Amino acid sequence: NKEAARYFHSVLHSPAGQAGVAYLLGKRKLSKATVTRFGLGMAPEGWDKLITAMAAKGYDKSDLLDVGLVVKSKEGRVYDRFRNRVMFPIIDLRGDVIGFGGRVLDDSTPKYLNSPDTPVYNKSRNVFALNIAKKSRAGRVILTEGYMDTISLHQAGFDGAVASLGTSLTEEHANILAKYTDQVVLTYDGDEAGQNATRRAIPMLEKTGIQVKVLRMQGAKDPDEFLKKYGADRFS
């Protein structure tokens with residue numbers, strides 16, 4: 001996984017990564033420092049680019065299958081899981097890359113594709129960016145709905161931001177957060193799905209003894225949009 005993350009990061013800095021750069025630095029207004037800090041990358045177009053790159057490092061297809069980096073078709077053909085996507089490495093509390101989230105750059109679906117559960121990765125037992133947020137001195141965790149909200153908040157100086165991974169909050173997530181903080185601010189999207197997720201999350205977090213606050217954002221659907229429109233001071 002670490003080697004794959006290095007590969008995706010190198011693609012972003014190559015001609016094949018231009019669309020990813022346009023998305024992350026252009027559309028999403030991330031700085032180069034933020035891209036480096038979170039190890040963001042780009043999975044290139046093509047069915048076996050990662051397979052080829054990893055083979056050069058001594059990994060065969062069965063290794064890649066074990067960690068969910070490739071998919072096996074019914075006919076037995078093995079191909080890259082992530083293609084033409086901006087890549088978000090998922091890093092555990094020890095600092096190891098354990099999985100990935102990939103976002104499309106066009107209108108294809110699914111918009112976000114995440115690593116499946118593997119021997120090293122379980123989405124309900126890991127929290128995105130907690131490896132950084134656990135060192136925060138803010139005294140609270142800001143819980144967001146996704147990678148971009150979390151990364152935008154970190155870039156704006158809110159280093160306690162985290163996201164639950166590709167799934168709504170679980171009791172395991174709540175228990176993990178309780179080890180590192182006693183206050184969580186929920187900043188889920190303002191749409192119906194986000195509000196429902198907020199209502200589900202509150203009792204789970206409170207059960208662990210965490211004090212829960214809900215942030216109401218006027219004039220923006222999520223923290224990323226709010227920061228772009230109004231800036232960090234107003235968010236604060």
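Helices (H or I, at least four residues) and strands (E, at least two) are here DSSP runs, numbered from the N terminus. All views show a predicted model.

**Figure 1. The open sheet of five strands and its edges.** The strand order is E7-E9-E8-E10-E11, and the pairing is mixed. Strand E7 (127–128) and E11 stand at the edges; each has a single partner strand, so one side of each lacks a neighbour in the sheet. Strands of a sheet pair through backbone hydrogen bonds, in either the parallel or the antiparallel sense. E7 is antiparallel to strand E9 (residues 161–164), to which two bridges join it. In this pairing, Phe128 lies opposite Ala163 of E9.

**Figure 2. Strand E8 and its two partner strands, E9 and E10.** Strand E8 (residues 141–144) runs parallel to E10, with three bridges between them. The pairing of E8 with E9 is also parallel and likewise comprises three bridges. Leu143 has a bridge partner in each of these strands: Val162 in E9 and Leu186 in E10. Both faces of E8 are covered. Val141 and Leu143 are buried on one side, and Ile142 and Thr144 are buried on the other.

**Figure 3. Helix H7 in the right-handed β-α-β unit formed with E8 and E9.** Helix H7 (residues 147–155) is largely enclosed by the rest of the structure, because eight of its nine residues are buried. The buried residues are Tyr147, Met148, Asp149, Thr150, Ile151, Ser152, Leu153 and His154. Just after H7, Gly157 adopts a positive phi of about 100°.

**Figure 4. Strand E10 and its pairing with strand E11.** Strand E10 (residues 183–186) is covered on both faces. Gln183 and Val185 are buried on one side, while Val184 and Leu186 are buried on the other. Four bridges link E10 to strand E11 (residues 211–214), and the two strands are parallel. Within this pairing, Gln183 is placed opposite Gln211 of E11.

**Figure 5. Helix H9 in the right-handed β-α-β unit formed with E10 and E11.** Helix H9 (residues 192–207) contains 16 residues and spans 24 Å from its first C-alpha to its last, close to the 22 Å expected at 1.5 Å a residue. The helix has a kink of about 25° at Ala201, shortly before the proline Pro203. Ala201 is also one of the buried residues of H9, together with Gly194, Ala197, Thr198 and Leu205. The elements that cover the buried residues of H9 include E8, helix H8 (171–180), E10 and E11. Gly209 follows the helix and has a positive phi, near 95°.

**Figure 6. His173 and its surroundings in helix H8.** With a relative accessible area of 0%, His173 is buried. Its side chain reaches the backbone nitrogen of Thr170 at a distance of 3.1 Å. Not counting residues up to four places away in sequence, His173 touches Lys123, Ser124, Arg125, Asn126, Val127, Ser164, Leu165, Thr167 and Ser168.

**Figure 7. Asn126 in the loop between strand E6 (112–114) and E7.** Asn126 has a relative accessibility of 14% and therefore counts as buried, since the limit for buried is under 20% relative accessible area. A polar atom of the Asn126 side chain lies 3.0 Å from the backbone oxygen of Asn122. When neighbours within four places in sequence are left aside, the contacts of Asn126 are Asp92, Ile98, Tyr121, Leu165, His173 and Ile176. The contact with His173 links this view to that of helix H8.

**Figure 8. Val35 in helix H3 (residues 32–37).** Val35 is buried, at 3% relative accessibility. Its contacts, apart from neighbours within four places in sequence, are His9, Leu12, Leu24, Leu25, Leu30 and Leu40. The C-alpha atoms of Val35 and Gln155 are separated by 9.7 Å, although these residues are 120 residues apart along the chain.

Terms used:
Residues numbered from 1 in each chain as written. Predicted model: local features only at pLDDT ≥ 70, side-chain atom pairs only at ≥ 80, totals over all residues. Heavy atoms only, no water. Buried < 20%, exposed > 50% of the residue type's maximum accessible area, 1.4 Å probe, protein only. Pairing = 2+ DSSP bridges. Right-handed = clockwise from strand over helix to strand, strands pointing away. Expected span 1.5 Å × (residues − 1). Bend = angle between axes of the 7 residues up to and from the residue. Contact = heavy atoms within 4.5 Å. Polar contact = N/O pair within 3.5 Å; in protein donor to acceptor, adjacent residues only side chain to side chain.
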